[in-house]
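Student: I would like to study one part of this protein closely rather than survey everything. Could you please guide me through it step by step?

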Amino acid sequence: MAVRSVRVARAYRELCRVAAETFAQDRAAQRALRSQTAAELRRHAHMMTEEQMVQDIRSGTDFVRYEIVQASYQPDTNRYKAHLRQELIQRGTIDLQPPPNPETGEVPDMGFEESLPKWDGTACKSSGGRGG
């Protein structure tokens, strides 16, 4: 079934634009995101209203825009370099945790947590008559 809606098309174009920005040099990731999204829209077209499709696409667009950090392998240092976009920086906290192992669900140990000072929360405690 074909999806014929100007609103859905606009939301889909925005998703494609954000994917192009997020996965700048990774054409395979862009293509996979676009084709899989289009396939899922077609597959669920008879079960969703136009508004549900638009909201679903917008949710995916926000996820790609604000939750995905593109990284590239640096063979000279044997590490990955994160490519942070302005949209991510403006949102506040950026958590660069490694992804969990898909088979076990465990997050790999980064090996540096032990060297960090322990946080006791004193910076957030109320002082004087302010706040609570």
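Student: Among contacts in the chain between residues at least 6 apart in sequence, what percentage join residues at least 24 apart? After that, please take a close look at the place where helix 1 and helix 3 pack.

Tutor: To begin with your question, 47% of the contacts between residues at least 6 apart in sequence join residues at least 24 apart. Please keep in mind throughout that this is a predicted model.

A brief view of the whole chain will help to place the part you have chosen. The chain contains 4 helices and 2 strands, and along the sequence these follow the pattern α-α-α-β-β-α. The chain has 132 residues, of which 20% count as buried. Its exposed area is about 10,400 Å², with 52% of that area supplied by carbon and sulfur atoms.

Let us now turn to the pair of helices. Two packed helices are described by the angle between their axes and by the distance between those axes. For helix 1 and helix 3, the angle is about 10° and the axes are 9 Å apart. Helix 1 is therefore roughly parallel to helix 3, because angles under 35 degrees count as roughly parallel.

Many residues take part in this packing. On the side of helix 1, those that meet helix 3 include R7, V8, A11, Y12 and E14, and further along L15, R17, V18, A19 and T22. On the side of helix 3, the partners include E50, E51, M53, V54 and I57, followed by G60, T61, V64 and R65.

The nonpolar side chains come next. The largest nonpolar core has 13 residues, and those that touch the most other members are V8, F23, L41, M53, I57 and V64. Helix 1 and helix 3 are the elements that give two or more residues to this core. Helix 1 gives the most, with 5 residues. V8 of helix 1, together with M53, I57 and V64 of helix 3, also appears among the residues through which the two helices meet.

V64 deserves a separate look. Leaving aside residues up to four places away in sequence, V64 touches L15, V18, A19, T22, F23, L33 and R85. Of these, L15, V18, A19 and T22 are among the helix 1 residues that meet helix 3.

T22 allows us to view the contact from the other side. This residue lies in helix 1. T22 counts as buried because its relative accessible area is 3%, and buried means under 20%. With residues up to four places away in sequence again left out, T22 touches V64, R65, I68, Q70 and R85. R85 thus appears in the list for T22 and also in the list for V64.

Charged side chains are part of the picture as well. The count of salt bridges comes to 7. In helix 1, which spans residues 6–22, R17 and E21 lie 4 residues apart, about one turn of the helix. Their side chains meet in a salt bridge, with 2.3 Å from N to O. R17 is partly exposed, since its relative accessible area is 36%, and E21 is partly exposed too, at 35%.

Helix 3, residues 50–67, holds another such pair: R65 and D62 are 3 residues apart, about one turn of the helix. The side chains of R65 and D62 form a salt bridge at 3.7 Å from N to O. Here the two partners fall into separate classes: R65 counts as buried at 10% relative accessibility, whereas D62 is partly exposed at 37%.

The pairs from the two helices are joined in one arrangement. E14, R17, E21, D62 and R65 are linked in a network of salt bridges. Among the members of this network, E14 and R17 in helix 1 and R65 in helix 3 are also residues through which the two helices meet.

To draw this together, helix 1 and helix 3 pack with their axes 9 Å apart at an angle of about 10°. Both helices give two or more residues to the largest nonpolar core, of which 13 residues are members. A network of salt bridges links E14, R17 and E21 with D62 and R65. As you turn the model, you may wish to start from V64, follow its contact to T22, and then pass from T22 to R65.

How values were computed. Residues numbered from 1 in each chain as written. Predicted model: local features only at pLDDT ≥ 70, side-chain atom pairs only at ≥ 80, totals over all residues. Heavy atoms only, no water. Buried < 20%, exposed > 50% of the residue type's maximum accessible area, 1.4 Å probe, protein only. Contact = heavy atoms within 4.5 Å. Areas by Shrake-Rupley, 256 points an atom, 1.4 Å probe, with all protein chains shown as cover. Salt bridge = Lys/Arg side-chain N within 4 Å of Asp/Glu carboxyl O. Core = buried A, V, L, I, M, F, W, Y, C linked by side-chain atoms within 4.5 Å. Axes fitted to C-alpha atoms, helices over the stretch in contact; angles between N-to-C directions. Parallel < 35°, antiparallel > 145°, perpendicular 65-115°, else oblique.
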